[in-house]
Protein chains: 2
Amino acid sequence: MNDLLTVARIIGAAQRIILTGHIMPDGDSLGSVVALGLALETQGKEVIFVSGDPIPAAYAFLPEANRFVIGHLPPGNYDLLLVLDCSTPERLAHVCRNHPLLNENSVCIDHHASTTLFCRYNYIDPHAAAVGEIVFDLLQVLGIPLTRPIAESLYVAILTDTGSFRYENTTAATHRRVAALLDTGIDPAAIATRVYEEKPLRGIRLLQAALASLKVSPGGRVAWMTLDWGTMQALGATDADADGLVDYARIIEGVEVAILLRETAPGKTRIGLRSKRYVDVNRLAALFGGGGHPRAAGCLVDGQPDEVAARIVPVAMEAAGE
Amino acid sequence: MNDLLTVARIIGAAQRIILTGHIMPDGDSLGSVVALGLALETQGKEVIFVSGDPIPAAYAFLPEANRFVIGHLPPGNYDLLLVLDCSTPERLAHVCRNHPLLNENSVCIDHHASTTLFCRYNYIDPHAAAVGEIVFDLLQVLGIPLTRPIAESLYVAILTDTGSFRYENTTAATHRRVAALLDTGIDPAAIATRVYEEKPLRGIRLLQAALASLKVSPGGRVAWMTLDWGTMQALGATDADADGLVDYARIIEGVEVAILLRETAPGKTRIGLRSKRYVDVNRLAALFGGGGHPRAAGCLVDGQPDEVAARIVPVAMEAAGE
């Protein structure tokens, strides 16, 4: 592991930079890439923004979102591969995964505790709420001032990775960095509206279908919802539309384990598990061949949602002491 | 209107204080009362916390929430009536509304642009995101340090009145104040969970019923949901449970006007109206005898939700240019 000054020196010495985040990009990955890319360009560097997957509609408003090169790399003499918010080489865009620069001159900046050190230089701070926070600090080390587009991008990164400042990773330093971003005159309310308050109708229809299936165990400690393949198909719903649905079961008072069972292909059901206080859903998921964290885990099993529910709900009830 | 120093002087000179917010109390009203009350007690003052209505379950975790006196006032020689977050005398607890101190020695601290100056002394700052922000500044003027319970209460006030820092009222100064609150060691994630992530099952069932009724106009600019009296009764749902439901219609992409029609008594339907960008729903509500703001308004009309929808939806479609 290297320190931030070393990493800043490597980046400062580069001239033509490939800058990338992780596949299935989120707000922190995209916002951090845009912010750092724009900042480095103010120093006369050439930067190419690479993504392994298309930019999700919710982030299309980001400054320079249309500059991302998806799935290919224009020819050129690059001298640095700069990777943000990516914890394993498997999450790199395909075109970066086997790039010669990975061994020669590459920097990874990340905040996942589990990050593999797969770049030549690595700066990993698991205490950072978002990679956007590290980029903020890096710009100070590099002496690059915040412009509005840079501040906007960092705001998106921090806003999304802290769940609107509600997650445990949020610190006093987070709010101080955000205050400095707002000092540039960006409009945080407009950004929050774009990120959180524009959903396709099919997303609301999917929520409707999920809630219609909501069941709660007799003791009230387990709540589950099912979405079958026919419903997903009929609504034209995507994986992104299903994001966060399980939370509607989790927030019910008294519920300890929340489960979403979603048929992602005929006869294949993805189980999403959440717990509130004491059930280790990572262990629960492991029983079905999956894994994750103590409070959030998942697995993919054979069977239709209702059949799978009949198998996992009793186990979840036992784990919840019901 | 008085300045903050004058108001601080009046409060500093008082010894036995009646402290109150507004009826149907929210997070800013309750959090500000608790924070200022605890702070003044550290100065040796006696403070009685008064509420016109019971403390909502979502705020029962606030420090000293059980100290609120509801609907009555213990006898005593009070020398100051201190009113927070209350824009008109009609929103005062009944026992404060006609209290002799109102004319003799009373202070109102508020942030509503429309506040009537009904106290002897008044400090109104419409630029404050929450009264909690003004109390934060007042404590600095009074030289009272932040303790954890004070910081927790102010955090609740600011968190809720900024919609988790997403509303337009959020400024860089808001984030700086919040950073200082977090410096005391409070747990913002635990607070956010208590405020936002614990809903009674009946609230989720009400959302389910509302979404099941969701209709969208042919052009996609108007979306509406209906909840009839029977549904409200069957679920035992309260007004608080219905709070925010209209937002599920508002966030649909392309929707300009969102409407929730809820039967609050047999044959009486409350219309909640929201718009996104250009329709003045205040004018729309006025056509039905109601009012509000350009982007949020409401009215109460005779009729059942479906009948009322048949009358207002066409008008909303026309207003939305459909």
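**Exercise 1. Work out how chain B of this predicted model is related to chain A, and which residue of chain B has its C-alpha nearest the axis.**

Step 1. When chain B is laid on chain A, the fit has an RMSD of 0.1 Å, and the operation that achieves it is a turn of 180° with a shift of 0.0 Å along the axis.

Step 2. A turn and shift with these values are the relation of a two-fold axis, which is therefore how the two chains are related.

Step 3. In chain B the C-alpha nearest this axis belongs to B:His175, and it lies 2.6 Å from the axis.

Step 4. The same surface serves both copies, since 100% of the contact residues of chain B recur in chain A.

**Exercise 2. Describe the interface of chain B and chain A by its contacts, its buried area and the residues on the side of chain B.**

Step 1. Begin with the contacts: 41 residues of chain B are in contact with 41 residues of chain A.

Step 2. Turn next to the area, where about 3800 Å² is buried between the two chains, and carbon and sulfur atoms give 58% of it. On the side of chain B, the residues that lose the most area to chain A are B:Arg166, B:His175 and B:Ile251, which together make up 18% of what that side buries.

Step 3. Now count the polar contacts, which join 16 residue pairs between chain B and chain A. The elements of chain B that give two or more residues to the side touching chain A are α7 (172-182), α8 (188-196), α9 (201-212) and α12 (247-250).

Step 4. Finally, sort that side of chain B by class, which gives 23 nonpolar, 6 polar and 12 charged residues.

**Exercise 3. Find which residues of chain B form salt bridges with A:Glu198, and say where the partners lie.**

Step 1. Recall that side chains of opposite charge can pair when their charged atoms come close.

Step 2. The rule used here asks for a side-chain nitrogen of Lys or Arg within 4 Å of a carboxyl oxygen of Asp or Glu. B:Arg277 meets it with A:Glu198, the closest N and O atoms being 3.3 Å apart.

Step 3. B:Lys276 also forms a salt bridge with A:Glu198, at 3.5 Å from N to O. This pair crosses between chains, from A:Glu198 in the loop between α8 (188-196) and α9 (201-212) of chain A to B:Lys276 in the loop between β10 (268-275) and α13 (281-286) of chain B.

Step 4. Across the interface of chain B and chain A the rule finds 6 salt bridges, while the count over all chains is 24.

Terms used: Residues numbered from 1 in each chain as written. Chains lettered and ligands numbered in written order. Predicted model: local features only at pLDDT ≥ 70, side-chain atom pairs only at ≥ 80, totals over all residues. Heavy atoms only, no water. Contact = heavy atoms within 4.5 Å. Buried area = accessible area lost by both parts, 1.4 Å probe. Polar contact = N/O pair within 3.5 Å; in protein donor to acceptor, adjacent residues only side chain to side chain. Helix = DSSP H or I, 4+ residues; strand = E, 2+ residues; numbered from the N terminus. Nonpolar A, V, L, I, M, F, W, Y, C, P; charged D, E, K, R; others polar. Least-squares fit on C-alpha atoms with pLDDT ≥ 70 in both.
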